[in-house]
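Please look through the structure below before reading on, and keep it in view while following this report. The report takes up helix packing, then some backbone details, and then a patch on the surface.

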Amino acid sequence: MAASYLRLVWRTSRVTLEPPSIYDQAEIPAIVAMWHGQHFMAPFIKRDDPRHRTKVLISRHRDGEINARAAERLKIETIRGSGAHNGGFHHKGGAVAFTEMLEALKDGYNVAMTADVPKIARVAGLGVVKLAQHSGRPIYAVAMASSRRVELDNWDRTAINLPFGRIGVVASEAIFVPPDADRDALEAARQRVESELNRVTIRAYEIADKAGSSEP
């Protein structure tokens, strides 16, 4: 039911891409980073193209099970696990999931994941940065916002997208992390990912709402 509903939202919405040439410019396989609560429409970033094979990181929590089943119905393969508050991947299946993500990128899959760790919204963890460091693949900060939505009063400000509206899809330029990045370089990359996620989120809401500005 969730997958069918999301298809309805996507098919009845007018979509604006920014930049319009993102699919031509993107260096894939890539790491797609989004904020928690803004990710329900993310499966539709993938196009019907062999290069767009994608796996998404979803937590092992029971709420994640619903997301995983919906993603699989939308032809997105899943990797189960989540990061930790310190930015690592040492529990909740995270270490195994990190290895699976590296293998997926090596095999030509794109990997999608939320950049903020659970319960700390809009603060990027080091997980996505370390994945880029060890894989050599670029990070793209991506946001999707719809003009018709219900916003929940929870920790990640979850947006429930509604049909028959406008959707703004905004992506950053590629963010690369050197394989020999030290602690300071990793922190600088983490801050850049966080800054770009906030920027593209603001812009996606501007497109969706036809407004001058919006809070991320």
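## Helix packing and local features

Helices α4 and α5 are oblique to each other, because an angle that is neither under 35 degrees, nor over 145, nor from 65 to 115 counts as oblique, and these two helices pack at an angle of about 45°. This is a predicted model, and in it the axes of α4 (residues 94-106) and α5 lie 10 Å apart, while the crossing that the two helices make is right-handed.

Helix α5 (residues 127-135) also packs against helix α6 (residues 183-209), at an angle of about 120° and with the axes 9 Å apart, which makes α5 oblique to α6. Here, too, the crossing is right-handed.

The backbone has some details worth finding in the loops, and the table lists two cis peptide bonds.

| Peptide bond | Omega |
|---|---|
| E18 to P19, cis | near -5° |
| I28 to P29, cis | near 10° |

P19 is found in the loop between β1 (14-18) and α2 (22-25), whereas P29 lies in the loop between α2 and β2 (31-34).

Which value does phi of K75 take, positive or negative? Phi of K75 is near 65°, a positive value in a residue other than glycine, and K75 sits in the loop between α3 (62-73) and β4 (77-80), where K75 is exposed with a relative accessible area of 68%. F164, which is not a glycine either, has a positive phi of about 65°; F164 lies in the loop between β8 and β9 (166-171) and is exposed, with a relative accessible area of 60%.

On the surface, Y5, L8, V150, L152 and I160 form a nonpolar patch, with about 360 Å² of accessible area together.

Note on methods. Residues numbered from 1 in each chain as written. Predicted model: local features only at pLDDT ≥ 70, side-chain atom pairs only at ≥ 80, totals over all residues. Heavy atoms only, no water. Patch = residues over 30% accessible without salt bridge, like charges linked within 9 Å, V, L, I, M, F, W, Y side chains within 5 Å. Areas by Shrake-Rupley, 256 points an atom, 1.4 Å probe, with all protein chains shown as cover. Salt bridge = Lys/Arg side-chain N within 4 Å of Asp/Glu carboxyl O. Axes fitted to C-alpha atoms, helices over the stretch in contact; angles between N-to-C directions. Helix = DSSP H or I, 4+ residues; strand = E, 2+ residues; numbered from the N terminus. Left-handed = near helix turned anticlockwise from the far one by under 90°. Buried < 20%, exposed > 50% of the residue type's maximum accessible area, 1.4 Å probe, protein only.
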